[in-house]
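Subject: Handover of a structure

Dear colleague,

Please find the sequence and structure below. A description of what was found follows.

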Amino acid sequence: MRVAAIDCGTNSIRLLIADVSLGAQGGASLSDVHREMRVVRLGQDVDVTGLLAPEALARTFAAVDDYAAIIAANAVERVRFVATSATRDAGNRDEFVAGIKARLGLEPEVVSGDQEAALSFAGAVSVLPVLGESRVLVVDLGGGSTEFVVGDGKGVVAGVSTNMGCVRFTERYLKSDPPTEAEIAAAEAAIEDKLQEVLAAVPLANVTQVVGVAGSITTITAHALGLESYQSEVIHAAVVPLETVDAAATSLLSMTRAQRAELGFMHPGRVDVIGAGALIWRTVLRRVSELNGGRVESATTSEHDILDGIALGAARS
């Protein structure tokens, strides 16, 4: 079955067209036909105004027009459109929903944080070895929210979505170029507060593996691996020591926007927000390592995330 999945987040909108093979035991595998990402910054100023800005809606609708043409040209049988943090938070989300329906002929699913967490887990672990009893923490670091999901071979054990993301925290805290020590300290304190919320809902202390997904984490991984250009095939499934990730995140956080823009692997749409993403990822990994007494020594990066989970769900629906 050929499906199209669209993930509309706070910073980017992504399209995956894939052929899905369903197994006899309920398993499934994806074979990519087309995959792309565009930075539209739908969540521009939502944290301040509570509304989707007209120019942000226009950028998003223009991307969806292009995606609709690509879908029509690829004999897709099912389409699923999922919108996450920025749309959940917006007072004028009906305008967004109507615009998507007019362009794709379907109503977008504005999923809850819990639903987003489950989709992220399904996508992230879809290409990992059989998990069995191993406890895996999947962290989906987005523009407006970050999802924390713990699961094993049987599925999700617990998950939570937090209002913490690279766009939201850049707009709130990291306003200087580069960020000042005071700004970083304030952001770090806010991240720690969010992690207390996570700990109340998700058992982080007994995880044996950490998997990170989404653009901030894949970009930090590219820097940690010393890549001169963005190489998805190298980044996907990369297992990087925590100290190497920490150093890469610290490096990105300390750079100016101009310095980050010169990095060959850096998407232009991430230049101004990757510092906050790096700070969030660094703080999360330090906290997990502390809670686990150092048993978790590395982080795995997956290019398969909520977008793949959306595609799998479209095939099974």
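Helix 10 (residues 242–254) lies across strand 10 and strand 11, running at about 80° to strand 10. Helices (H or I, at least four residues) and strands (E, at least two) are DSSP runs, numbered from the N terminus. Axes are lines fitted to C-alpha atoms, for helices over the stretch in contact, and angles run from 0 to 180 degrees between N-to-C directions.

Please note that this is a predicted model, in which local features need pLDDT of at least 70 and side-chain atom pairs count only at pLDDT 80 or more, while totals for chains, interfaces and linings use all residues. Residues are numbered from 1 along each chain as its sequence is written, and side-chain values use heavy atoms, with hydrogens and water left out.

Strands 10 and 11 belong to an open sheet of six strands with mixed pairing, in the order 8-7-6-9-11-10. Two strands pair if DSSP finds at least two bridges between them. Strand 8 (155–162) and strand 10 (239–241) are the edge strands, each pairing on one side only. From one strand to the next, the twist averages 25°. Within this sheet, six bridges link strand 6 (residues 136–141) and strand 7 (residues 146–152) in the antiparallel sense; Leu141 has Thr146 of strand 7 as its bridge partner. Helix 5 (residues 113–124) also packs on the sheet, where it touches strand 6, strand 7, strand 8, strand 9 (209–213) and strand 11 (298–302). The direction of helix 5 makes about 55° with that of strand 7.

Parallel pairing is found elsewhere. Strand 1 (residues 2–8) and strand 4 (residues 78–83) run parallel and are joined by six bridges, with Val79 of strand 4 as the bridge partner of Ala4. Strand 4 also runs parallel to strand 5 (residues 109–110), through two bridges; Ala83 has Val110 of strand 5 as its bridge partner.

Val110 is also among the contacts (heavy atoms within 4.5 Å) of Thr87, together with Leu42, Arg93 and Phe96, leaving aside neighbours within four places in sequence. Thr87 is found in helix 3 (residues 85–89) and is buried, with a relative accessible area of 0%; buried means under 20% relative accessible area (1.4 Å probe, protein chains only).

Finally, helix 7 (residues 181–201) and helix 12 (residues 274–291) pack at about 50°, with their axes 10 Å apart. That angle makes helix 7 oblique to helix 12, a term for angles that are not under 35 degrees, over 145 or from 65 to 115.

Yours sincerely

Definitions and conventions
Buried means under 20% relative accessible area, exposed over 50%, partly exposed in between (1.4 Å probe, protein chains only).
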